[in-house]
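Biologist: Please take a close look at one part of this model, the place where its elements pack against each other. I would like a connected account, residue by residue where that helps.

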Amino acid sequence: MGLDDKAKHAAEETAGKAKEAWGKLTDDERLEAEGKADQSKANLKQAGDDVKDAVR
């Protein structure tokens, strides 16, 4: 797996954390949930990267 993909997935996770934090700060439950979902998607992608690296 390329470093570009790993960096992209880490950035997606960070963006999700920021979105979640902004949602908490503004009491926007929808935005907070979106942030958590974004983090989960990024974590799944990172896990896939790890599996691909382990197979190699």
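**The packing between the helices**

Modeller: Glu20 is found in helix 1, and this residue makes a good starting point. The model is predicted. With a relative accessible area of 14%, Glu20 falls under the 20% cut-off and therefore counts as buried. Leaving out residues up to four places away in sequence, Glu20 touches Leu31, Glu32, Gly35, Lys36 and Gln39. Several of these partners are themselves on the list of buried residues in helix 2, among them Leu31, Glu32, Gly35 and Gln39.

Now the elements around Glu20. The chain has 2 helices and 0 strands. Helix 1 covers residues 3-25, and helix 2 covers residues 29-55. Helix 1 has 23 residues and reaches 33 Å from its first C-alpha to its last, which is close to the 33 Å expected at 1.5 Å a residue. Helix 2, with 27 residues, reaches 39 Å between its end C-alpha atoms, close to the expected 39 Å.

Which residues of helix 1 are buried? They are His9, Glu13, Gly16, Glu20 and Gly23. The cover over these residues includes helix 2. On the other side, the buried residues of helix 2 are Leu31, Glu32, Gly35, Gln39, Ala42 and Asp49, and they pack against helix 1. Charged residues appear on both lists: Glu13 and Glu20 in helix 1, and Glu32 and Asp49 in helix 2. Glycine also appears on both, as Gly16 and Gly23 in helix 1 and as Gly35 in helix 2.

His9 gives another view of this packing. His9 is found in helix 1 and has a relative accessible area of 10%, so it is buried. Apart from its neighbours within four places in sequence, His9 is in contact with Ala42, Lys45, Gln46 and Asp49. Of these partners, Ala42 and Asp49 are on the buried list of helix 2.

Two alanines of helix 1 can be set beside these buried residues. Ala7 lies in helix 1, but at 46% relative accessibility it counts as partly exposed, because that value lies between the 20% and 50% cut-offs. Ala7 and Gln46 are 39 residues apart in sequence, with their C-alpha atoms 9.6 Å apart in space. Gln46 is also one of the residues that His9 contacts. Ala21, also found in helix 1, is partly exposed at 44% relative accessibility. The C-alpha atoms of Ala21 and Leu31 are 8.9 Å apart, and the two residues are 10 apart in sequence. Leu31 is among the residues that Glu20 touches.

The ends of the packing can be looked at next. In the loop between helix 1 and helix 2 sits Asp27. Asp27 comes just after helix 1 and takes a positive phi of about 55°, although it is not a glycine. Most residues other than glycine have a negative phi. Asp27 is exposed, with a relative accessible area of 68%. Away from this loop, Gly2 is found in the segment before helix 1. Its relative accessible area is 34%, so Gly2 counts as partly exposed. Gly2 and Asp53 are 51 residues apart along the chain, and their C-alpha atoms are separated by 9.5 Å.

The figures for the whole chain put this packing in context. Among contacts between residues at least 6 apart in sequence, 51% join residues at least 24 apart. The C-alpha trace spans about 45 × 15 × 10 Å along its principal axes. The radius of gyration is 13 Å, whereas a compact globule of 56 residues would have one near 10 Å. Buried residues make up 20% of the 56 residues. The chain exposes about 4000 Å², and carbon and sulfur atoms supply 57% of that area. As for charge, the mean positions of the 11 positive and 14 negative charges are 3 Å apart.

To return to the starting point, Glu20 is buried at 14% relative accessible area, and its contacts include Leu31 and Gln39. His9 is buried at 10%, and its contacts include Ala42 and Asp49. All four of these partners are listed among the buried residues of helix 2, which pack against helix 1.

Definitions and conventions: Residues are numbered from 1 along each chain as its sequence is written. This is a predicted model: local features need pLDDT of at least 70, side-chain atom pairs count only at pLDDT 80 or more; totals for chains, interfaces and linings use all residues. Side-chain values use heavy atoms; hydrogens and water are left out. Helices (H or I, at least four residues) and strands (E, at least two) are DSSP runs, numbered from the N terminus. The radius of gyration is taken over C-alpha atoms; the globule rule is 2.2 Å times the number of residues to the power 0.38. Buried means under 20% relative accessible area, exposed over 50%, partly exposed in between (1.4 Å probe, protein chains only). Contact means heavy atoms within 4.5 Å. Accessible areas come from the Shrake-Rupley method with a 1.4 Å probe; for residues, only the protein chains shown count as cover. Lys and Arg count as positive and Asp and Glu as negative; His and the chain ends are not counted. The place of a charge is taken as NZ of Lys, CZ of Arg, CG of Asp or CD of Glu. The expected span of a helix is 1.5 Å times one less than its number of residues.
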